[in-house]
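Let's take a walk through this fold, one neighbourhood at a time. Keep the model open beside you as you read.

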Amino acid sequence: LRQLERFVLRVGYRLLRMSWRLRHPVSLGVRLLLVENEKILLVKHTYRPGWFLPGGRPDRGESLASTARREAKEEAGVETEDLKLLGIVSHLPSWRSDHVAIFRANSFDRRPCYSREIERVKMFSLNALPDDTSDEALAVLQNLRSEDRGYCIV
């Protein structure tokens, strides 16, 4: 039954993404770097493989900072007021524009949470990320480590 639920979630996710891309050629979202003791919190979704930075899209009328706090709580069971906007990462393929606001929190309270969307939540050393860390998360971490950008996550 759990495998069927996962299959339905994955198919639904892919259909939603296709629909979203057709209807919204410009997208805005947030991702969170939740860093503590040189470890970063990553989430594994039920509907796609790999480890990701927690985050998502703003609801209508919601600020980016509020979105970051909501997604941290919904996806990772994290509550924090210590959010800092690090910058915007843009992905600009020929027919679409994705813009993601990257927030960082160095102190947070983690509580157990249950979500149909999230399979696992885990802290990883910044120097020993899992092999199946998403390309998106690796790109964000690489961009933010660049000295020429003026900010760094470590």
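Helices (H or I, at least four residues) and strands (E, at least two) here are DSSP runs, numbered from the N terminus. With that in hand, look at Ser 134, which sits in the loop between strand S9 (118-125) and helix H3 (135-145).

Some ground rules. This is a predicted model, where local features need pLDDT of at least 70 and side-chain atom pairs count only at pLDDT 80 or more, while totals for chains, interfaces and linings use all residues. Residues are numbered from 1 along each chain as its sequence is written, and side-chain values use heavy atoms, with hydrogens and water left out. As for pLDDT, that is the predictor's confidence in each residue, from 0 to 100. The protein chain averages 84, with 88% of the residues scoring at least 70. Among its elements, H3 has the lowest mean (81) and strand S3 (residues 51-52) the highest (96). Be wary of residues 147-154, where pLDDT is below 50.

Back to Ser 134: is it buried or exposed? Its relative accessible area is 8%, so Ser 134 is buried (buried means under 20% relative accessible area, exposed over 50%, partly exposed in between, with a 1.4 Å probe and protein chains only). Leaving aside neighbours within four places in sequence, Ser 134 is in contact (heavy atoms within 4.5 Å) with Trp 51 and Phe 52.

Both of those aromatics have more to show. Trp 51 is itself buried, at 4% relative accessible area, and its ring pairs with that of Phe 124. Rings of Phe, Tyr and Trp (its six-membered ring) pair if their centres lie within 6.5 Å; planes under 30 degrees apart count as stacked, over 60 as edge-to-face and the rest as tilted. A search of the whole structure finds two aromatic pairs. In one of them, the rings of Tyr 13 and Tyr 47 have their centres 4.3 Å apart and their planes at 35°, so this pair is tilted. Tyr 13 lies in helix H1 (residues 2-23) and Tyr 47 in the loop between S2 and S3, so the pair ties together parts 34 residues apart in sequence. For Trp 51 and Phe 124, the centres are 4.9 Å apart and the planes at 75°, so that pair is edge-to-face. Trp 51 in strand S3 and Phe 124 in strand S9 are 73 residues apart.

Phe 52 has a charged visitor: the charged end of Arg 48 sits over its ring, 3.9 Å from the centre (this takes NZ of Lys or CZ of Arg within 6 Å of the ring centre and within 35 degrees of the ring normal).
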